[in-house]
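I opened this notebook to record what I looked up, one topic at a time.

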Amino acid sequence: MTQPYPQPIALARQCCAISNIGASWPECWRNLLAGERVFSRGADLIPGWPDSPPLAAILKFPGLEGQPPFARRTDILARIVGRQMRAALDRLAGEHPAAALSLIVATSHGNPGPLSDIADAHHAGKDLSTMAAPLWEGLVADNLVKEVNAGLARELPGVTISGACASSLVAISHAADRIGAGLADAVLIVAIDTLSRVASVGFDNIGAMSRQGCRPYDRLRDGTTVGEGVVAILLARDGLLPPQDVVGRVIGTAVYCDAGHLVEPSPIGMSRVMQGAMQQAGLLPRDVRGIFWHGTGTRQNDKTEAEAARIVFGDLSPPCTSTKGSLGHTMGASGAFNVLAACEAMAQGTLPHVVGATDPEYGNLDLVLHRPRPVAAGPMLVTALGFGGINAAVAIAPCKEFQ
């Protein structure tokens, strides 16, 4: 959608986030500001995990003792986040019984557990015909909508969106377009990815994983840190939520796949979505108060963002940051973490710093380094990149601009 949304689209205060640095969004935010870096060895958490660099794994699943079985890790996390959002959905449905509610699950690779178990059995020479039917079904069936609904104790109509590591922002754009077009009153977005052996080994094999922990934009960076996490965000049409329950507004989104390269992002493609989201939001470059970059810490990503920033903002960008030095690269969930962080940054007037970066390579990026930085009130831009040339951006504004 390129025209402005007919009305601002509200981001609800009620949300959920679980990551390597926290089992709730307030805990995650506090630890982002504190510069926490909690990276783990996969083999310490999951039996049989291949040797790999550090991972940003969830150490504590709310309500569980220890780690869940790998084959059920994603499904269990989806059900947990559904339970955590149940009260918010029940309250909304009770206050607006005629409201059209729906669900979007955003994920880059769904549940990697069944494929991993079948691959293990194959390599061990086991008779695959003896494998349980649910395991095979897990290869072709998407159970995440079902698991979230089970946690919600509802049967919301739902769809799964996979846009690689841009999945969160692709889903937010789709949800905002549906609300803007009057096709939904509110949409619950659950962005989720757990540790994948395919992703971990694949990133490692192409030399994209850091041996020391992700350090976005730093001259000595050596790659990203694969992680996992889940975020639940509730979008609603204007006026559906009480003002005190709104933390921000989606005012512009853009998604564009330039299909230019499998793994090499394009600064042209990225600049197009940044400009598209800003155009829909009615923002000029000088209006943007802060940017949450995708910021994976790979040289391809960081170079692309610096070049895109020069195209859009000229010689110096607005204050900007990446959360992946702390959260790691949570794949399809990463953009949703940044949307929550953008709302928090607007409310508190503070941008978290790029954890791990001390000697930045690109002088045109006004990076927040060493400690959080005060930021002027106003709109924030969140960006994301995905393999295959997927680019996405979302413009977020504070509530007071629409009161």
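I began with charge pairs, and for these entries a salt bridge is a side-chain nitrogen of Lys or Arg within 4 Å of a carboxyl oxygen of Asp or Glu. The model I worked from is a predicted one. With that cut-off in hand, I found that Arg72, Asp75, Arg79 and Glu147 are joined in a network of salt bridges, and that the structure as a whole holds 15 salt bridges.

**Entry: individual salt bridges**

I next looked up the pair formed by Glu228 and Arg73, whose side chains meet in a salt bridge with an N to O distance of 2.7 Å. Because Glu228 sits in the loop between α8 (197-205) and β6 (229-237) while Arg73 belongs to helix α3 (residues 73-95), this pair ties together parts that lie 155 residues apart in sequence. I noted that both Glu228 and Arg73 are buried.

For Asp204 and Arg211 I read a salt bridge of 2.6 Å, N to O, and here I compared the two partners' surroundings. Asp204 has a relative accessible area of 18%, so I entered this residue as buried, whereas Arg211, at 53% relative accessibility, counts as exposed.

Asp218 and Arg215 also form a salt bridge, with the closest N and O atoms 3.3 Å apart. I recorded Asp218 as buried, since its relative accessible area is 0%, and Arg215 as buried too, with a value of 16%.

**Entry: His329**

Where does His329 lie? I found His329 in the loop between α11 (324-327) and α12 (334-348), and its relative accessible area of 2% makes His329 buried. Setting aside neighbours within four places in sequence, I listed its contacts as Cys165, Thr224, Thr225, Val226, Gly227, His294, Thr296, Lys324 and Ser334.

**Entry: α7 against α12**

Two packed helices are described by the angle between their axes and by the distance between the axes, so I looked up both values for this pair. Helix α7 (residues 167-180) packs with α12 at an angle of about 65°, and the two axes are 5 Å apart. Since angles of 65 to 115 degrees count as roughly perpendicular, I wrote α7 down as roughly perpendicular to α12. On the α7 side the contact is made by Ser168, Leu169 and Ile172, and on the α12 side by Ser334, Gly335, Ala336 and Val339. Sorted by class, this contact has four nonpolar residues, three polar ones and no charged residues. Ser334 of α12 had already come up in my list of contacts for His329.

**Entry: nonpolar cores**

Which residues touch the most other members of the largest nonpolar core? Within this core of 51 residues, I found them to be Trp25, Ile172, Ile233, Leu235 and Val250. The largest share of the core, nine residues, comes from α12. I then followed Val250 and, not counting residues up to four places away in sequence, found that Val250 touches Tyr5, Ile9, Leu11, Ile172, Ala176, Leu235, Val394, Ala395 and Ile396. There is also a second, separate core of 37 residues, which includes Leu144, Val190, Val230 and Ala236.

**Entry: Gly48**

Last, I asked whether Gly48, in the loop between α2 (42-45) and α3, is buried or exposed. Gly48 has a relative accessible area of 65% and is therefore exposed. The C-alpha atoms of Gly48 and Asp120 are separated by 9.4 Å, although the two residues are 72 residues apart along the chain.

How values were computed:
Residues numbered from 1 in each chain as written. Predicted model: local features only at pLDDT ≥ 70, side-chain atom pairs only at ≥ 80, totals over all residues. Heavy atoms only, no water. Helix = DSSP H or I, 4+ residues; strand = E, 2+ residues; numbered from the N terminus. Buried < 20%, exposed > 50% of the residue type's maximum accessible area, 1.4 Å probe, protein only. Contact = heavy atoms within 4.5 Å. Axes fitted to C-alpha atoms, helices over the stretch in contact; angles between N-to-C directions. Parallel < 35°, antiparallel > 145°, perpendicular 65-115°, else oblique. Nonpolar A, V, L, I, M, F, W, Y, C, P; charged D, E, K, R; others polar. Core = buried A, V, L, I, M, F, W, Y, C linked by side-chain atoms within 4.5 Å.
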